[in-house]
Structure formats: structure tokens, C-alpha cells
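This briefing covers three topics: the surface near a DNA strand, the relation between two protein chains, and one arginine with its surroundings. Please read it alongside the sequence and the model.

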2 protein chains.
Amino acid sequence: MAERGRVRLIDVARAAGTSVSTVSRALNGSDRISPQVVAHVRAVADELGYRADRRAQEFKLGRPRTVGVTVPDLANPFFSEVLKGLGAAARADGHRLLIGESGEDPAEELRLVEELADHSGALVLCSSRLTRAGLDRALALPVPVVCINRTVKNAGVVAIDYRAASRLLLEHLTGLGHRRVLYVGGPAASWSDAERRRTLRRTARSLDVTLDEIDGGWSGHHGYGAGPTVLRSRATAVITFNDLVGVGLLSWLHDNGVEVPAELSVTSYDDIPIAAYSRPPLTSLRNERARLGELAWRQLAGRLAGEEWPRPDLLAPVLVVRASTGPARRRVRIRAH
Amino acid sequence: MAERGRVRLIDVARAAGTSVSTVSRALNGSDRISPQVVAHVRAVADELGYRADRRAQEFKLGRPRTVGVTVPDLANPFFSEVLKGLGAAARADGHRLLIGESGEDPAEELRLVEELADHSGALVLCSSRLTRAGLDRALALPVPVVCINRTVKNAGVVAIDYRAASRLLLEHLTGLGHRRVLYVGGPAASWSDAERRRTLRRTARSLDVTLDEIDGGWSGHHGYGAGPTVLRSRATAVITFNDLVGVGLLSWLHDNGVEVPAELSVTSYDDIPIAAYSRPPLTSLRNERARLGELAWRQLAGRLAGEEWPRPDLLAPVLVVRASTGPARRRVRIRAH
DNA sequence: TTGTATGCGTTATCAA
DNA sequence: TTGATAACGCATACAA
């Protein structure tokens with residue numbers, strides 16, 4: 001019995017010799033109804049294999065219990081973890097996740113957001129690549145929006161505290177004697193990357209560290225490709241946009257005979273699981289990604305309950321020191337290449 | 001103007017001085033309608049900022065254009081890629097992805113499947129951990145189901161050709177002189193793991209290779225933890241369940257002074273991006289994970305169009321040989337530990 | 001070509 | 001405590 005022959009409320013009512021309202025009440029546990037009727041209706045419903053049409057229910061009831069989420073890239077472990085936390089929290093409150101991937105493309109993300117909004121009661125934008133105008137359109141939609149890793153007015157905000165993060169990183173490096181640091185950047189439209197650069201610059205100034213920057217990306221490929229530029233620089237320590245980039249860079253350095261950390265220290269943001277198993281293991285900033293997702297749902301749940309947006313949730317990262325960072329070497333040796 | 005003040009079809013009709021059906025037809029591009037009216041209605045609709053309620057539309061029209069997907073673990077890059085391919089293909093055909101994560105738990109997966117089925121027009125189970133009985137219940141749902149990496153009757157099937165995969169791996173190893181191989185397994189309820197074991201055993205027999213097996217898991221942690229057992233074994237080559245396990249194992253071997261591949265060869269399944277950047281780079285079986293998702297959607301699309309299930313799509317992997325495998329050493333040196 | 005009226009499956013309002 | 005009926009927002013068969 002395919003979709004067509006589906007058992008409806010009225011079928012149960014007929015079989016039970018009663019009305020749809022009674023059946024509805026019996027099944028939904030209303031109080032103003034006799035226990036015998038409830039038992040009878042339940043029995044009949046079971047026998048017929050009745051399953052309520054949840055779509056019709058939600059349509060009638062109003063807001064869909066679905067949370068729309070956009071991520072730039074599903075293959076990035078950072079977002080996987082955020083989705084995990086978000087999904088678990090939302091699910092615990094009876095909500096589902098509708099997920100869209102923008103492919104790092106702002107225009108596509110905007111299409112996605114409008115599409116998702118049509119089927120969701122709330123929206124979460126992970127590391128949104130939306131333009132300022134695009135974001136305004138998103139916020140004008142008739143659903144509450146939380147941004148993860150992007151600060152925005154009139155919306156929920158959950159983000160990593162990059163100010164604290166950058167300070168932890170640079171203080172660790174200066175503690176090891178590094179005075180010249182190179183930052184290998186991330187995706188162009190990334191707020192996180194902009195924020196990392198901004199806070200690194202600021203902190204570098206206050207710590208009297210010389211900070212150079214080059215463009216990069218988000219994957220191991222980008223890190224490997226940055227190898228030659230890194231080597232040509234006069235930096236004794238490198239900070240990469242994330243661990244994937246860091247691991248890619250480590251790989252290039254190894255292939256080209258550069259000792260880490262003896263000749264060059266490498267460190268990065270995020271501390272995804274693989275960071276512990278790279279060679280050498282990567283010093284990285286651990287952040288509670290799953291918690292980002294969880295907090296996003298908390299904010300949404302509050303908002304849906306009629307509350308105002310709370311203050312942004314800022315998550316402080318923890319520096320996990322591993323073997324990829326060590327004392328700065330005395331002299332920068334320039335190699336031909 | 002929040003959810004309440006939403007502009008409906010009837011509002012547009014009133015403002016345009018016409019009826020709902022005319023507006024509906026004008027907006028949906030029906031043919032039997034005069035161009036002037038269309039223009040007028042469109043103008044009014046724009047002015048009012050009308051956006052059709054897609055939920056109501058789909059409710060009225062019937063099947064939801066949503067694909068429900070379950071994965072054991074969102075943080076596993078294998079599934080991320082599958083989701084990518086599936087999402088892109090489904091989206092190109094106007095469908096969205098409703099995603100649920102089972103946490104490797106068969107009972108949770110069953111709950112998830114029933115929940116997703118309530119809101120989807122089709123289901124994709126990625127590496128389902130469902131019991132036989134659970135799977136039967138899933139297939140009894142009024143939506144078409146495709147299984148990725150699990151063979152099942154009366155459903156769509158898209159899978160990696162593990163028979164070919166295992167043969168590629170073992171032939172590569174025997175070509176290097178290995179006669180004794182150890183397999184570090186995956187998650188308990190995993191069909192993929194069972195299939196890898198089955199095909200490895202069979203191929204090992206035909207190639208006269210001695211195959212030992214130990215239990216493992218799916219993460220780097222599991223691989224690292226398997227280190228001592230691996231070392232105690234008499235194998236000259238190790239095959240791990242996937243690259244994450246492989247990378248974890250490499251890390252342990254390095255920490256304990258075991259040279260790879262001089263003393264031990266390591267290889268695995270999947271070839272996720274990180275495999276190319278591990279130290280040493282991992283010999284692994286590349287499979288087109290995104291294509292798995294894409295093919296799953298193709299099967300569903302056909303089925304939804306009224307066709308029968310096609311034959312299972314089997315994807316042949318390609319062996320990517322890197323530096324983690326080399327000639328078998330002559331003697332197995334047993335170390336104290 | 002346009003308008004009226006019905007129904008999708010459910011819940012909620014109102015009488016009985 | 002129950003039952004008939006009106007919504008929810010839209011699309012469409014049918015009537016005009």
C-alpha cells in the first residue's frame with residue numbers, strides 16, 4: 001500500500017465508529033475524553049497501522065519544527081562538528097536539520113537561505129560568506145536567524161573568541177622566542193579569516209611581533225601550495241588558517257627537508273582530531289565546535305519562545321601545545337629553491 | 001511584519017482586483033491566461049512582497065521534495081563527501097536534504113529513519129547500522145529507500161565494489177613480497193567492515209596470503225590504540241579500515257620508532273584528502289564518494305518517476321600508491337614492549 | 001479567459 | 001464528553 005492507500009484520521013474514525021475529533025483527541029492525549037474511548041481508538045488505530053501525517057500536522061499547527069542550516073563546505077571537519085552539536089540539541093527539542101551547502105559561494109548561499117527559510121522555522125548560518133546586502137536580506141526573512149562565527153546586529157550570534165585565540169597563539173610563540181611570524185590565510189569571503197587577521201595584527205603590535213600575511217585557503221592542498229612562499233619568508237614561526245592547511249604545509253616542509261620545529265614552528269586554529277596524529281603533532285587552538293552548534297540552538301529556542309536575542313556567546317579556545325612548535329632558531333637560513 | 005502578517009494569495013487577489021485562482025495561474029505560468037493580467041498580477045504581487053508559502057504548496061501538491069538522509073557520523077569525512085554529491089544532485093532537481101545522524105547506534109537510526117520518513121519523499125541510508133529487522137521496517141515505509149554501502153533487496157543499492165578493492169590492495173602487497181597481512185577492523189555494526197573482511201579473506205586465500213584480523217574502529221584514536229597489537233603480530237603489512245585509522249596507526253608507529261614502510265607497510269581504504277599529507281603519505285583506495293551520493297539520487301529520481309529499481313551501482317575504487325607501502329622485510333623482528 | 005468551490009490531513013472552535 | 005465544521009494556504013476541476 002503505497003502513498004495513496006495511506007490510513008488517515010477519518011479511516012480510523014470510521015473503523016472506530018466515532019468522529020475525527022475524538023480520534024484526534026484520543027491520540028494526542030487530550031484530557032477531556034473518557035479513558036475507554038481512548039483505549040478503543042488507540043487499539044483501532046494500531047490495528048489499522050495508522051501513522052499521523054506529520055506534515056499535515058505541522059502545516060495546521062503553524063511553524064515547521066525544522067532548522068535550516070547553511071555551511072560553506074560539508075567536507076570541512078569544523079562544520080561537521082558544528083552540525084553535530086546543533087543537530088543533537090535541536091533534535092532533543094523535537095526539531096530536524098535541513099542542511100544546505102553553499103560551496104563557499106555568496107550568491108549560492110543567498111539562494112540557499114531563501115529556499116531553506118521556506119521550509120524552516122529557524123535558520124543557522126555557519127561562517128556565512130554572504131555579502132552585507134545578502135545578510136540584510138536573510139535577516140529580513142520571517143524566521144529567526146543565528147550566525148555562527150560572524151557578528152551581526154538583530155540576529156543571534158555565537159562565535160569563537162578570536163581575540164583570545166590570537167593572543168594565546170602569539171604569546172605561546174613569543175614565549176619560545178619567536179619575533180617574526182607568518183600567517184597563512186583562509187578563504188577570501190571568510191569572516192573568520194578576517195577576524196583572525198585583525199586580532200593577530202592587533203596582538204602582534206602589542207607584543208612587538210612582526211606579522212606577515214599571505215593568502216591561502218581551507219584545505220591541505222592550500223597548505224602544501226604555500227610551502228615555497230613560507231620558506232622564502234623570514235618568519236621563524238607560521239600560523240595557518242586551520243589544521244588542514246597546517247598539515248598540508250607540514251607535508252611540504254617534510255618533502256623539502258625543513259625540520260619542524262627545529263627550523264620552523266607551525267601552529268594553527270581549530271584542533272580537529274587529525275591534528276594530534278600529524279607528523280609532528282600540531283600545536284593548535286582547541287575550540288568546542290559542537291558547543292557552537294548547541295548554543296546556536298539555545299539562542300533560537302529562546303527566541304522562538306518570544307525572548308529577545310541574548311548577548312553574543314563567545315567561546316574561548318584552549319591552546320593545545322604539541323610538537324610542531326619549539327624555540328625560535330637564531331638565524332633564518334635562506335635557501336635557494 | 002513577522003510570521004503573522006504574511007502576505008497570502010488572497011491578499012494579492014484582493015489588491016489586484018481579481019481571484020485567487022487567477023493569481024495562482026498568473027504566478028505559476030499557466031497558459032490559459034491573458035498576458036496583461038499576468039503582468040498586472042505580477043506587479044501587484046511584487047509590490048506587496050508576496051512569497052508563496054512553499055510548505056502549503058507542497059502540502060497541497062503531495063509528496064515533499066525533501067530527501068531524508070541518515071549517516072552514522074557527520075564528522076567522518078567519508079560521509080561528508082557522500083552528502084556533498086547527494087545534496088548537489090538532489091538540489092539540481094529541486095530537492096532538499098533533511099539530515100540525521102545516528103551516532104553509530106542502530107536503535108537511534110531506526111527512530112531517525114521513521115522521523116525522516118514523515119517529512120521526506122525519499123530516503124537514503126548511508127552505511128546503515130540497522131539490524132535486519134530494522135531494515136525491514138525502514139523498507140516498509142511509504143517512501144522509496146536507497147542504501148549506500150549495504151546490499152538489500154527491494155531497495156536501491158549503491159556501493160563500493162569491495163571485492164575489487166580488496167583484490168587491488170592484496171595484489172599490491174603480494175607484488176611487494178608480503179605474505180602475512182593484518183587487517184585492523186572498523187565499527188562493529190558496519191556492513192562495510194564485514195564486507196571488507198569477507199572479501200579480504202577470500203582474496204587472501206586465493207593469493208595464498210595469511211590474513212589476521214583485529215577489531216578497531218573508525219577514528220585516528222582507534223588506529224593509535226591498535227599500535228601495540230599491530231607490533232606484536234607477525235604481519236609485514238597492515239590494512240586499516242580507513243585512512244583515519246591508518247593515520248592514527250602511523251602516528252603510533254612513529255612514536256615507537258617503527259619505520260614505515262621499511263619495517264612495516266601500511267595501507268587503507270577511502271583515500272580521504274588527509275591521506276596524501278600524512279607522514280609518510282598513505283597508500284589508499286580512492287573511491288568516488290561524492291558519486292555514491294549522486295548515483296543514490298539518480299536511483300531515487302528514477303524510482304519516483306515510476307521505474308523499477310535498477311541493478312545495484314557498484315563503484316570500482318582505484319589504488320593510489322604512496323610512500324607507506326614498500327617491499328616486505330625479510331625477517332619479522334619481535335620487539336619487547 | 002476567469003471565478004467559485006472543493007480538498008489536501010490535521011487541529012481547534014463551538015454547539016450539542 | 002462528544003461531534004460537526006471551519007480553518008491552515010494553496011492548486012485545480014468545474015462552471016460560467
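In what follows, Ala, Val, Leu, Ile, Met, Phe, Trp, Tyr, Cys and Pro count as nonpolar, Asp, Glu, Lys and Arg as charged, and the others, Gly among them, as polar. By these classes, the surface near DNA strand C has nine nonpolar, nine polar and seven charged residues; a residue is near a strand if one of its heavy atoms lies within 4 Å of it. The model is predicted, with local features requiring pLDDT of at least 70 and side-chain atom pairs pLDDT 80 or more, while totals for chains, interfaces and linings use all residues. Residues are numbered from 1 along each chain as its sequence is written, chains are lettered from A and ligands numbered from 1 in the order in which they are written, and side-chain values use heavy atoms, leaving out hydrogens and water.

**Surface near DNA strand C**

- DNA strand C is surrounded by 25 residues, the closest being Leu9(A), Tyr50(A), Thr18(B), Ser21(B) and Thr22(B).
- Sugar or phosphate accounts for 62% of the strand C atoms within 4 Å of the protein, and bases for the rest.
- Phosphate oxygens of strand C lie 2.4 Å from a side-chain N or O atom of Thr22(B), 2.9 Å from a polar side-chain atom of Asn28(A) and 3.5 Å from a side-chain N or O atom of Arg8(A).
- Two or more residues each come from α2 (20–28) and α4 (54–61) of chain A and from α2 (20–28) and α4 (54–61) of chain B; helices are DSSP runs (H or I, at least four residues), strands are E runs of at least two, and both are numbered from the N terminus.
- The largest contribution, five residues, is that of α4(A).

**Relation of the two protein chains**

- A turn of 180° with a shift of 0.0 Å along the axis lays chain A on chain B with an RMSD of 0.0 Å, by least squares on the C-alpha atoms of residues with pLDDT of at least 70 in both.
- This is the relation of a two-fold axis.
- Leu98(A) is the residue of chain A that comes closest to the rotation axis, its C-alpha lying at 2.3 Å.

**Arg129(B)**

- Arg129(B) sits in the loop between β3 (122–126) and α7 (132–140) of chain B.
- Arg129(B) is buried because its relative accessibility is 5%, the limit being under 20%, with exposed over 50% and partly exposed in between (1.4 Å probe, protein chains only).
- The side chains of Arg129(B) and Glu104(B) make a polar contact at 2.9 Å (N or O atoms within 3.5 Å; within protein, one able to donate a hydrogen and the other to accept it, with residues adjacent in sequence counted only if both atoms are side-chain atoms).
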